[in-house]
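Hi there,

Here's the structure I promised to pass on. Have a look at it first, and then read my notes below.

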Amino acid sequence: MEAAAAALAAFFFYTVFHKISSSLAEGLNVFTLAVILIGLLKGEMAGAFMGFACGLIVDAFSLGVFGIAGVANTLTGYLAGYISRKVNVLPFLRNLVFIGVLAGLELSVWMGLTALIFGEAVPFGKGLILLQPFLTALVGSLLFLGIRKIRAAHEK
Amino acid sequence: MPDIRKARRKQFVFAGLLLAQLILISLQVPLGEEPSYFEKGIFFVFSPIQKGLQALLQRIGSTWTRYIYLRNVERQNQEMRDELFLLRQENIQLRNGLEKSRQKEDIGRILTDLRRSFLFASVIGADASDMYKSITIDKGSRDGLSSGMAVVDSRGRLVGRTVNPVSPGAATVQLLTDDNSGVSVYSGDHRVVGVLTGDGKSGKCWLKYVPATNVDLAEGDELITSGFDKVYPSGLKAGRVISITSDSTLFKKIAVRPYLDFGHLDFVAVLTQRLDTLF
């Protein structure tokens, strides 16, 4: 239920960011961010299902082969949950690097599959897309920090 | 023991999800541009949500500009009055010109058809993976749209064409900056014909198949659709040549800056019938 709400929230922010600026929508991947956060908070299975659902939405709203973003996001969601169970990624800086690496992985898998299927160079979109992992990590770790603080306050 | 079983079950489910996506990819590849029913279904479900959200954002934005931020309204009104005056004069001159070669009834019919040929639409979303590939608009098959219709911006300059998926209330538009798009164009000054295709990376385009021996085309030349491709009507402005280089190949390498402006792409018009068939 929470994963479905997160997928809808990601779709909402994708639409809002496009309305504000197409560069913002390109620079910050809200779908990957939502997938990683759900993976971190709810575990690998929720992350994988969230990645599956978000990937399908991304693929339906883009030209190209249907399923590429799905593979990249499913893998990212699963790894986010699995690795966070094995390694402590709660401290802010570690969390920032962790989300950055996963967002970079998602982008690399998507680019690799696109290049493999279309047999051509990957789309860099004026280099903005290269900012994606960093921006996603920054926003993601700040959000994660906020969620943890709210949870801690509730527990008190 | 139950932990191992649980972990294994998770791995199976994960592998199943990946396999399902790979099956979707392999089903899609042979279809090419044609989306699968599954993709159409997701587009059908989510595009009304996007349309509703966009309408809400539009309403919030227009409340600000209509009732609070009125700083430039007077100047804009004056500019629009001036433009309207000039357009009316131009319209009278064109009607007079047309009346010399056509019957009055013919002209009335042509102008009515012309008005019906444009369908105005709001842009409700950009491509979720690559902003230079496509946009989503808020008009669909219910409004008479189908795939393969030319789309222009508010100044009548080429934006792209409608492609599948087209749902009852929304449609996808392939932009001319997409690397899979191809538009037959000619240079307005020298009538050099080529195919305009997007580079898919930076919002630029390439003019392809202009022989290396050609000396007529120059930087700054305007490119206009020729209509030879039977998709885009002739006479739509597409972009301007920004650089021409030659290497050892048979064709020149010509970079083009399209008129398509991503910063001001809120509204577009779909040409529901070919304008060149009206006259």
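So, what's in it? Keep in mind that this is a predicted model. Chain A has seven helices and zero strands, so if you walk along its sequence, the pattern you get is α-α-α-α-α-α-α. The radius of gyration of chain A comes out at 15 Å, close to the 15 Å that the globule rule gives for 156 residues, so chain A is as compact as a globular protein of that length. If you'd like a feel for the dimensions, picture a box of roughly 55 × 35 × 30 Å along the principal axes, filled by the C-alpha atoms of chain A.

Next, the inside. Of the 156 residues in chain A, 54% are buried. Now take the contacts in chain A with a separation of 6 or more: 70% of them are between residues 24 or more positions apart.

There's also a helix pair to look at. Two packed helices are described by the angle between their axes and the distance between the axes. In chain A, helix α4 (residues 44–60) packs against helix α5 (residues 68–86) at an angle of about 160 degrees, and their axes are 7 Å apart. Angles over 145 degrees count as roughly antiparallel, and therefore that's what α4(A) and α5(A) are to each other. The crossing of α4(A) past α5(A) is right-handed. As for which residues make up this contact, 15 are nonpolar, nine are polar and two are charged.

Try finding α4(A) and α5(A) in the viewer!

Cheers

Terms used:
Residues numbered from 1 in each chain as written. Chains lettered and ligands numbered in written order. Predicted model: local features only at pLDDT ≥ 70, side-chain atom pairs only at ≥ 80, totals over all residues. Helix = DSSP H or I, 4+ residues; strand = E, 2+ residues; numbered from the N terminus. Rg over C-alpha atoms; globule rule 2.2 N^0.38 Å. Buried ≥ 20, exposed ≤ 12 C-beta atoms within 10 Å, placed from the backbone. Contact = placed C-beta atoms within 7 Å. Axes fitted to C-alpha atoms, helices over the stretch in contact; angles between N-to-C directions. Parallel < 35°, antiparallel > 145°, perpendicular 65-115°, else oblique. Left-handed = near helix turned anticlockwise from the far one by under 90°. Nonpolar A, V, L, I, M, F, W, Y, C, P; charged D, E, K, R; others polar.
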